[in-house]
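Please examine the structure below, which is a predicted model. The paragraphs that follow lead from a single residue to the core and then to the pockets.

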Amino acid sequence: MSPTRPRCCAMKSSVKKNRPPIKTFGGDKFNAIAALNFFAEAGLLKRVKRSGWWVAGIENPETVAEHCFRCAVIGFYLAHCEKADPFKVVTMTLFNDIHEARINDLHKMGHYYIDFREAEKKAFADQIADLEGQVKGVLQAMRRDYEEQLSRESIIARDADILECLVQAKEYSDNGYPVARTFFKRAPDYLKTKTARKLWKQAGSWDSHAWWQNVVKFER
């Protein structure tokens, strides 16, 4: 007769039910669900509109994601011309507005009444709270650098942001929204790099449609 097996005692799990599963990746603890959630949140920026243009009569302005993409392109160019680290600049431009996935884009009139800077900081901190440690640390350092505007890269990234807005305003103006030119009055004064100021000076007489007119081919 086989010995009686001891009854197993039921033990309460110490794992919180709502906590996403931790996966092992590359020898480190890697929260896959947190990373996927972060990617999904970034994707929301493809639907968040840049609200500042509404006051200029533009009903369907570009999204935050579209703005960030061209910021990165401009930042990459400026960084090379200014002899700075282009990849650091591109990273700053890509993540600069990611908090708007949670708190939306607020035009400058709204900033007059609301301390939006503090809301941005809180939203960003919550967004990256559960990310893998190294990734979180890099993003925190990048954010501080950009906010303090002390490094060459942070200054260039901010110039890329401003210059992208100016280029967008020129395009809207060329497309029949003359009120967008109001942005030309003050924003250029905030450009700090020589390259950005030079580009904007040239943009005054630039036709934003010229590039595609030169490559259109007609045949009979």
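**From one tryptophan to the pockets**

Apart from neighbours within four places in sequence, Trp200 is in contact with Leu163, Leu166, Val167, Phe184, Pro188 and Leu191. Trp200 also belongs to the largest nonpolar core, a set of 38 residues. Together with Leu139, Leu166 and Leu191, Trp200 is among the residues with the most contacts inside this core. Helix 2, helix 3 (86-95), helix 6, helix 7, helix 8 and helix 9 each give two or more residues to this core. The most come from helix 8, which gives nine residues.

Attention may now turn to the empty space in the model. The second largest pocket holds about 360 Å³ of space. Its lining is made of 15 residues, and Ile74, Leu163, Val167, Leu199 and Trp206 lie nearest its centre. Which helix gives the most to this lining? Helix 2 does, with five residues; helix 8 and helix 9 (194-203) each supply at least two. By class, the lining has 11 nonpolar, two polar and two charged residues.

The largest pocket contains about 1500 Å³ of space. Of the 38 residues that line the largest pocket, His107, Lys108, His111, Arg158 and Phe183 lie nearest its centre. At least two lining residues come from each of helix 5 (108-113), helix 6 (116-128), helix 7 (133-148) and helix 8 (152-174). The lining of the largest pocket comprises 15 nonpolar, eight polar and 15 charged residues.

Notes. Residues numbered from 1 in each chain as written. Predicted model: local features only at pLDDT ≥ 70, side-chain atom pairs only at ≥ 80, totals over all residues. Heavy atoms only, no water. 1 Å grid on protein atoms, 1.4 Å probe; cavity = no way out; pocket = protein on both sides within 12 Å on 5 of 7 lines; lining within 4 Å. Points joined across faces, edges and corners; volume = space filled by probe spheres on them. Helix = DSSP H or I, 4+ residues; strand = E, 2+ residues; numbered from the N terminus. Nonpolar A, V, L, I, M, F, W, Y, C, P; charged D, E, K, R; others polar. Core = buried A, V, L, I, M, F, W, Y, C linked by side-chain atoms within 4.5 Å. Buried < 20%, exposed > 50% of the residue type's maximum accessible area, 1.4 Å probe, protein only. Contact = heavy atoms within 4.5 Å.
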